[in-house]
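Hi,

Here is the structure I promised to pass on. Have a look, and my notes follow below.

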Amino acid sequence: QVQLVESGGGLAQPGGSLRLSCAVSGLSFSNYAMRWYRQAPGEERELVAIIAPGGTESYIDSVKGRFTISRDNAKNTATLQMNSLKPGDTAMYYCSAYRFPEDIHWGQGTQVTVSS
């Protein structure tokens, strides 16, 4: 049974930081790309960051320079470090594991709220 469990969400003030973690079990973690998505109410799900099995990172423009994705293959975890948070970052954040071409697994999500 594959499980992805996100943690670390919560309330942050503008300019603050949060660190999201994704604990993965039930698959060969090092063979999967890890992705972070987010979805705000009334909006489509948005891909935020990707880290390939070898460690190559990609980000959407709106979070470049503020967010950092990482992975620890020995611990089967992926992390999203979120700095300089803005109210527009408020969303439910989801972790996903992907292996080409059709193997995709999802976590349950963790809420991030950025507000004064």
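First, a bit of vocabulary: two strands pair if DSSP finds at least two bridges between them, and strands are DSSP runs of E with at least two residues, numbered from the N terminus. You're looking at a predicted model, where local features need pLDDT of at least 70, side-chain atom pairs count only at pLDDT 80 or more, and totals for chains, interfaces and linings use all residues. Residues are numbered from 1 along each chain as its sequence is written, and side-chain values use heavy atoms, with hydrogens and water left out.

Now the sheet. Strand 7 and strand 8 (residues 77-82) run antiparallel and are joined over 6 bridges. One spot to click on is S70, whose bridge partner in strand 8 is T79. Both strands belong to an open sheet of 4 strands, ordered 1-3-8-7 with antiparallel pairing. Strand 1 (3-7) and strand 7 (67-72) sit at the edges with a single partner strand each, so one side of each has no neighbour in the sheet.

Then there's the disulfide, meaning a pair of cysteine sulfur atoms within 2.5 Å. The count by that rule is 1: C22 and C95, with sulfur atoms 2.1 Å apart. C22 is in strand 3 (residues 18-25) and C95 in strand 9 (residues 91-99), so the pair ties together parts 73 residues apart in sequence. The torsion about the S-S bond is about -85 degrees, so this disulfide is left-handed.

Are its two cysteines buried or exposed? C22 counts as buried (under 20% relative accessible area, with exposed over 50% and partly exposed in between, using a 1.4 Å probe and protein chains only), at 0% relative accessibility. C95 is buried too, also at 0%.

Cheers
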